[in-house]
Amino acid sequence: MTLYDADTVDACSWPETPQARLARDYFVPVMKRGSTAFLSDRTTLRLVAMDDLRIPLAINEAEYGNSPLHSLWVRYIGLPVQAVTAEAYGAARAVVMRGAMRTLGSMLKAARIDKAVYVDHWLVLRNLSVSLDEAQVERLTAFLVERFPGHAIVFPAINPANASPLLNTLAARDYGFLYGSHTRMTLPTQDVSRQVRENRRRDGRLLEAAGYRIVDGRELPDCAPRLRELYRSLNADKYHSTLDFTEEFFAWTLREGIFQYWLAVKDGRVDGFYATHVSDDTVWSPLFGYDLSLPQDLGLYRGLVHRLMQDALEVGLTIELGPGADPFKSLRGSQPVPRWTACYVKHLSGFRRYAWRTLQRYVNGGVRPAANAMLKKIDGDAAVGFGPLTLPFTPPTGQTPREAARAMREQVDALEAQLESAARLEGEARLRALSPLSQTLHNWPQPMPRVVALRERLTRLEREARRKPEQAVSPELQARQLLQDATRWGYTTLIAANLGEVPAPHLKALVEALRRELVGIVGVVLLATRGDKVVLATIASDALRSVGMDAGQLMAQAAPCVEGKGGGSPEVAWGGGSRADGIDAALSATRHFVESRLATWTPTGGVG
């Protein structure tokens with residue numbers, strides 16, 4: 001196991017894993033420059049190499065001016081004290097609450113609560129929880145305790161929907177847990193109400209109605225200053241404890257493709273944006289902003305959140321929206337999920353362990369129930385996992401995002417196979433097979449492109465099954481119709497027809513029917529298609545042959561026009577060709593041949 005800093009990390013080897021590549025391309029550049037080159041929090045960044053894992057560390061001493069991302073004191077004392085106001089709690093109660101929280105905060109500072117090593121800390125990214133077995137947790141913990149004997153060892157804000165196994169492994173190795181916060185997630189397999197679907201449909205129309213285009217950030221490489229301005233106006237300026245980012249951070253992550261940026265652009269101006277990152281089959285937006293000076297009825301926030309959700313759900317992934325605006329997100333089908341922070345403090349002094357236990361009782365016994373009550377009012381029974389801490393941890397969403405993505409793919413694959421099977425049936429049998437598929441597809445909660453395509457195919461198959469089959473014309477009837485429509489020159493008749501796609505048995509039966517019907521001087525030229533091939537048949541009646549024209553001569557006129565050839569008896573000849581676009585020319589050539597031969601024919605003298 002090796003600990004790297006900014007001066008030694010170039011010696012680190014990099015396994016060919018997504019986790020290692022992300023550490024190399026995203027975390028190491030920040031580590032080399034120092035956190036304050038890119039963000040407002042002051043922390044020391046290091047990297048641990050263990051087996052094929054590359055695990056980021058953020059090491060704090062006592063940075064009580066950081067954001068909650070790098071300060072437990074700010075998360076549990078600094079921010080809550082600001083939120084306790086006379087308007088919210090009443091004047092007397094607010095004074096008592098603030099006093100108690102400040103007393104606790106003083107003890108926590110005396111116990112150096114922010115002297116901690118944050119393990120597997122990816123700065124603004126989420127859902128990257130490392131997979132560790134018990135032996136690896138034990139080795140890593142011992143290594144960090146040896147290197148940082150005065151620091152608490154902290155795995156921050158772990159989401160049990162993605163990482164229940166990690167939480168259970170940490171619990172088995174004597175880690176304690178603090179309720180961290182909540183986030184909000186929507187799985188692609190999640191059932192949603194009709195009202196949620198309607199809310200999403202309305203949101204989906206807002207940006208286009210307001211004249212906005214959603215543009216890939218790479219098309220506007222110089223937009224970093226505007227992105228930072230929009231982010232600050234929504235976050236850092238509005239909430240002073242929120243993490244802030246430098247303009248260089250936006251420019252770097254945009255240029256190097258660390259995040260995918262999507263911009264709401266109107267009249268050449270960027271009025272809103274969101275960035276996305278995908279890990280563990282979950283789409284997370286680390287950065288989001290929009291112009292607060294614009295009228296709310298434009299629906300910029302609602303439209304951007306809708307697009308963000310669709311980015312995930314359209315490809316069968318989970319979307320994590322984070323906390324805030326909970327009633328709005330709940331009405332879009334987003335489920336609250338707790339996050340837990342795991343802490344190892346057995347190596348610290350007695351007083352510091354006591355402070356950690358006190359913080360644990362305060363957070364798990366006070367903050368967590370308050371969050372539970374708030375979310376129950378908003379989400380009802382969908383607020384799962386916010387009760388008292390119980391082991392083992394399980395995904396409060398029922399499925400993990402990875403399981404949901406796999407289940408979604410399998411479900412759509414199965415529907416596709418069932419449609420293929422139904423397509424091979426006809427009429428009522430096909431409609432019976434399609435009926436349950438129709439109900440499933442038209443009630444689908446997320447309008448994935450694959451599902452939309454299956455809906456369209458299902459509609460076509462239903463329409464074809466309900467269409468009454470055309471009554472097939474018998475060869476005898478078709479023969480009489482061809483004779484009725486034939487070209488006539490005095491005593492002579494020529495049937496020259498393009499039959500289109502005709503099965504071989506029908507064409508043979510038609511030739512036989514015509515032979516029985518022919519009376520007088522009659523010639524027949526028939527052309528039909530079989531895919532990209534051409535089939536020819538020619539007939540000469542006894543009377544036509546008696547005046548010097550036979551089926552072979554008619555074939556000789558028609559076949560070359562379709563790049564074909566043929567042969568047979570003077571009465572009937574068969575042929576084939578390869579150019580369907582020559583059929584009209586073949587019919588015209590045959591008519592011209594017969595007409596020119598007739599010019600020298602007389603009823604008494606025959607053809608000259």
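In which loop does arginine 112 lie? Select it and you land between H4 and strand S4 (116-119). Before going further, some ground rules: this is a predicted model, where local features need pLDDT of at least 70, side-chain atom pairs count only at pLDDT 80 or more, and totals for chains, interfaces and linings use all residues. Residues are numbered from 1 along each chain as its sequence is written, and side-chain values use heavy atoms, leaving out hydrogens and water.

**Zoom out**

Show the whole chain as a cartoon. There are 21 helices and 21 strands; these are DSSP runs numbered from the N terminus, helices being H or I with at least four residues and strands E with at least two. The radius of gyration is 39 Å, well over the 25 Å that the globule rule gives for 608 residues, so the chain is more spread out than a compact globule. (That radius is taken over C-alpha atoms, and the rule is 2.2 Å times the number of residues to the power 0.38.) Along its principal axes, the C-alpha trace spans about 130 × 55 × 50 Å. Of the 608 residues, 50% count as buried, where buried means under 20% relative accessible area, exposed over 50% and partly exposed in between, with a 1.4 Å probe and protein chains only.

**Two positive phi angles**

Back to arginine 112: its phi is positive, about 50°, although it is not a glycine. Its relative accessible area is 41%, so it is partly exposed. Now pick aspartate 51, in the loop between strand S2 (44-50) and strand S3 (53-60). Aspartate 51 is not a glycine either, yet has a positive phi of about 55°. It counts as partly exposed at 46% relative accessibility.

**H4 against H13**

Select residues 91-110 for H4 and 350-379 for H13: the two helices pack at an angle of about 145°, with their axes 9 Å apart. Axes here are lines fitted to C-alpha atoms, for helices over the stretch in contact, and angles run from 0 to 180 degrees between N-to-C directions. Turn on side chains to see Met101, Leu104, Met107, Leu108 and Ala110 of H4 meeting Phe351, Tyr354, Ala355, Thr358, Leu359 and Tyr362 of H13; contact means heavy atoms within 4.5 Å.

**A cis bond, then a buried threonine**

Follow the chain into the loop between H13 and H14, where proline 392 lies. The peptide bond leading to proline 392 from leucine 391 is cis, with omega near 0°.

Next, go to threonine 282 in strand S10 (residues 282-284). At 0% relative accessibility, threonine 282 counts as buried. Beyond its neighbours within four places in sequence, its contacts include Asn127, His277 and Pro401. Measure across to threonine 400 and you should get 9.7 Å, C-alpha to C-alpha, for residues 118 apart in sequence.

**H14 beside H16**

Last stop: residues 401-423 (H14) and 449-466 (H16), which pack at an angle of about 15° with axes 11 Å apart. That makes H14 roughly parallel to H16, a label for angles under 35 degrees (over 145 is roughly antiparallel, 65 to 115 roughly perpendicular and the rest oblique). Among the residues making the contact are Arg409 and Leu419 of H14 and Arg457 and Leu461 of H16.

Finish on alanine 465 in H16, which is buried at 12% relative accessible area. Leaving out residues up to four places away in sequence, alanine 465 touches Gly427, Arg430 and Leu431. Its C-alpha is 9.2 Å from that of alanine 423, 42 residues away along the chain.
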